[in-house]
Amino acid sequence: MSIPFALARDVPSQDENPLQPENRQMNRSPGSLQENTLRPDEADSSEALWAALREVNDPELPISIVDMGLVVALERREGTVALKLTFTAMGCPAMEMILDDVRARLLQEPGVEQVEIEVVWDPPWTPARLSEEGRDTLRMWGIGL
């Protein structure tokens, strides 16, 4: 198994990681902590979209793209889901595969008719974007953090 990036040894604590469930709010960038102003039905829909994205794994590592911290923002506007994704490196060989997998999985969700994906490089991916579950999975596979 190749590892497409170097993992830093100094990662934020669970309290600092914006991808931890208690720190994550729907429809926002994992790096921000703005208030969730969604109606309950919108929040339920967004939660289902995050759950769907947790089923999309990085093809090179046994970890979801959500736990990997690749999802920067997610928004649903009626039948359209718009999301911003980042990657661990600009030359990521799995980029197209991940984009196809994300699009295919989100189109399986009720009411989703279109998926718009924007690849962004700001904020850059760093190991700090890994969720605690993601870190645990990588440690279990012998990948040092």
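Modeller: Helices, taken as H or I runs of at least four residues, and strands, taken as E runs of at least two, are DSSP runs numbered from the N terminus. The model discussed here is predicted.

Biologist: Which pattern does the chain follow when read along the sequence?

Modeller: The chain has four helices and three strands. In sequence order, these elements give the pattern α-α-β-β-α-β-α.

Biologist: In the open sheet of three strands, what is the strand order?

Modeller: β1 (71-77) and β3 (114-119) are the edge strands, each pairing on one side only. The pairing within this open sheet is mixed. The three strands therefore stand in an order with β1 and β3 at the edges, a strand pair being defined by at least two DSSP bridges. That order is β1-β2-β3.

Biologist: By what angle are neighbouring strands of this sheet turned against each other on average?

Modeller: The sheet in question is the open one with mixed pairing. With direction ignored, the average turn between its neighbouring strands is 15°.

Biologist: Do β1 and β2 pair in the parallel or the antiparallel sense?

Modeller: Strands of a sheet pair through backbone hydrogen bonds, in one of two senses. β1 and β2 (residues 80-85) form a hairpin with two residues between them. Across it, L74 has L83 of β2 as its bridge partner, and R77 stands opposite T80. The two strands share six bridges, and their sense is antiparallel.

Biologist: In which sense do β2 and β3 pair?

Modeller: One bridge between these strands links K84 with E118 in β3. Six bridges join β2 and β3, and the sense is parallel.

Biologist: Which residue in the turn of the β1 and β2 hairpin has a positive phi?

Modeller: The residue is located in the loop between β1 and β2. Its phi is near 55°, and it is a residue other than glycine. With a relative accessible area of 75%, it is exposed, because that value is over the 50% cut-off. The residue is E78.

Biologist: How many of the six residues of β2 are buried?

Modeller: A residue counts as buried when its relative accessible area is under 20%. In the chain of 145 residues, 44% are buried. β2 is mostly covered, and the number of its six residues that are buried is five.

Biologist: Which helix lies across β2 and β3?

Modeller: The helix spans residues 95-106 and runs at about 150° to β3. Its name is α3.

Biologist: How much space lies in the largest cavity?

Modeller: The structure holds one cavity of 30 Å³ or more. Its lining consists of D58, L70, F87, T88, C92 and I98. By class, four of these residues are nonpolar, one is polar and one is charged. The space within the largest cavity is about 30 Å³.

Biologist: Is the peptide bond from D122 to P123 cis or trans?

Modeller: P123 belongs to the loop between β3 and α4 (132-140). The omega of the bond that leads from D122 to P123 is near 10°, and the bond is cis.

Biologist: What distance in space, C-alpha to C-alpha, lies between A128 and M68?

Modeller: A128 is another residue of the loop between β3 and α4. It counts as partly exposed, because its 28% relative accessibility falls between the 20% and 50% cut-offs. In sequence, A128 and M68 are 60 residues apart. In space, their separation is 9.5 Å.

Biologist: What separates the C-alpha atoms of E75 and L49 in space?

Modeller: E75 is part of strand β1. At 37% relative accessibility, E75 counts as partly exposed. Along the chain, E75 and L49 are 26 residues apart. The separation of their C-alpha atoms is 9.2 Å.

Biologist: Among contacts in the chain between residues at least 6 apart in sequence, what percentage join residues at least 24 apart?

Modeller: A contact requires heavy atoms within 4.5 Å. Among the contacts between residues at least 6 apart in sequence, the share that joins residues at least 24 apart is 60%.

Note on methods: Residues numbered from 1 in each chain as written. Predicted model: local features only at pLDDT ≥ 70, side-chain atom pairs only at ≥ 80, totals over all residues. Heavy atoms only, no water. Axes fitted to C-alpha atoms, helices over the stretch in contact; angles between N-to-C directions. 1 Å grid on protein atoms, 1.4 Å probe; cavity = no way out; pocket = protein on both sides within 12 Å on 5 of 7 lines; lining within 4 Å. Points joined across faces, edges and corners; volume = space filled by probe spheres on them. Nonpolar A, V, L, I, M, F, W, Y, C, P; charged D, E, K, R; others polar. Buried < 20%, exposed > 50% of the residue type's maximum accessible area, 1.4 Å probe, protein only.
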